[in-house]
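Open the model in your viewer and keep the selection panel handy. We will go from one stop to the next, picking residues as we go.

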Amino acid sequence: MNLDASRPRLPALTSLRFFAALHVVCFHFLAFKIVSSEGWLGQISSIGYVGVSFFFVLSGFILVYTYAGRDVPARDFWRARFARIYPAFAFSLLLTGPFFFFATLMLNVPFFAWFSTHLKLVVLLVPLLLQAWVPLAALAWNSVAWSLSDEAFFYLLFPFLKKRFLKISLPGLAGLALACWAVSVAMSWTYVLRNPDHLQAIDADVLNAFWLNAVKFHPFARLPEFLLGMVCGAMFVKFRRRPGGDGKLALPLVLAGLAMAVTVAHYSARIPYTVLHTSLLAPAFAAIIFGFALQPRWGALLNWKPLVFLGDASYSLYLLHAFFLGPFFFTQTGIPRHRGVGWYFLYFVLALGISGLVYRFIEEPARRKLRGSPSRPALAGSPAVALS
């Protein structure tokens, strides 16, 4: 994150992206039945999908932090965001495309049934980052890319929301943050209470329920988390300008956020899946992000350059990790293989290595080329925004 002297770099937040992406990877280990959910590690991994909520909150925070007080034309902002997310996304589509189309056209698997009968629509929606707007298409092609569809919508709104958020007072922002969280939780509880899909069990194994997919993936359903991040970013900018706006609050904020996250993880089996999946932990993530953004000395480990690099490469890790899980841990006939701690460690080494290479030789060169010369000098210092 290259910011000017008045807007210090926040490498710790880049490092946090890596841990959020790692949490998502661990969840897919469970989803693919590679490991079990037994034990505390399995329990934490079983809710790894909440890492996407962390990305949404962090994205809103970083955008406000970066662009507050900077008069950047909307077209330059959108161009910068396109240059940031699309190259790695396009590469992931090229990589996963052959398997997706083979499975959709040749395999009789329930997960691909809707994609098979609506293949033309899928081919239109996914490259345009519109798949999450059609709930049953959200997981098409590269399933984890649904979150980019949401992010694209958030980016579209951001230039029109930024100045309005920054004009709100601190008490007003606190009230808006509570409202964002309440709206999101209310949507999730409404689904639980009404059960419009008439499901006997509502959990992560249900993949083709229209209304459940809408609550989990639709941009409107996930917008409150991004707005909460924007609120947090606006509060942070105002807080830094106030006398006494130092790092004394960092430890209480981070501890409070971690305590909430650990408590929710411990009782996750008793919390309705949709409520847990969408934004329940958003306030905890906002507290952790705000705390580390204050750059406390005890958080210096997150400034370690190799860890920051892993954070930079976490976008590619998120996009590509699921594609390699199947071939690595299963034979072509679906027989499990490569089980054990040593094999798991090897997978992570390979996944991190591939992600680092994609970041270094695809993401960054393409971003620089697509971004070109900004209309305003201020944009040149904008950081890469945290994504899911």
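The tour covers two helix packings and then the salt bridges of this predicted model.

**Stop 1: α1 and α14**

Select residues 11-31, helix α1, together with residues 305-312, helix α14. Their axes come within 7 Å and cross at roughly 60°, which makes α1 oblique to α14. The crossing of α1 past α14 is left-handed. Now show side chains at the contact: on α1, pick P11, T14, S15, R17, F18 and F19; on α14, pick L307, V308, L310, G311 and D312. Colour these by class and you should find six nonpolar, three polar and two charged residues in the contact of α1 with α14.

**Stop 2: α14 and α16**

Keep α14 on screen and add residues 341-371, helix α16. Here the axes lie 9 Å apart, at an angle of about 75°, so α14 and α16 are roughly perpendicular to each other. Which residues of α14 meet α16? They are F309, L310 and D312, and their partners in α16 are L352, G356, Y359 and E363. By class, the contact of α14 with α16 has four nonpolar, one polar and two charged residues.

**Stop 3: E363 and R84**

Stay with E363, which is among the α16 residues that α14 meets, and add R84. The side chains of E363 and R84 form a salt bridge, with 2.7 Å from N to O. E363 sits in α16 and R84 in helix α4 (residues 74-106), so this pair ties together parts that are 279 residues apart in sequence. Is E363 buried or exposed? E363 is buried, at a relative accessible area of 2%, and R84 is buried as well, at 4%.

**Stop 4: E364, R367 and R368**

Still on α16, select E364 and R367. These two form a salt bridge whose closest N and O atoms are 2.9 Å apart. Being three residues apart in α16, E364 and R367 are separated by about one helical turn. Both E364 and R367 are buried. Add R368 to the selection, and you have a network of salt bridges linking E364, R367 and R368.

**Stop 5: R222 and E225**

Finally, jump to helix α10, residues 219-241. Show R222 and E225, whose side chains meet in a salt bridge at 2.5 Å, N to O. R222 and E225 lie three residues apart in α10, about one turn of the helix, and both are buried. How many salt bridges does the structure hold? It holds four.

Note on methods. Residues are numbered from 1 along each chain as its sequence is written. This is a predicted model: local features need pLDDT of at least 70, side-chain atom pairs count only at pLDDT 80 or more; totals for chains, interfaces and linings use all residues. Side-chain values use heavy atoms; hydrogens and water are left out. Axes are lines fitted to C-alpha atoms, for helices over the stretch in contact, and angles run from 0 to 180 degrees between N-to-C directions. Helices (H or I, at least four residues) and strands (E, at least two) are DSSP runs, numbered from the N terminus. Angles under 35 degrees count as roughly parallel, over 145 as roughly antiparallel, 65 to 115 as roughly perpendicular and the rest as oblique. A crossing is left-handed if the near helix is turned anticlockwise from the far one by less than a right angle, and right-handed if clockwise. Contact means heavy atoms within 4.5 Å. Ala, Val, Leu, Ile, Met, Phe, Trp, Tyr, Cys and Pro count as nonpolar, Asp, Glu, Lys and Arg as charged, and the others, Gly among them, as polar. Buried means under 20% relative accessible area, exposed over 50%, partly exposed in between (1.4 Å probe, protein chains only).
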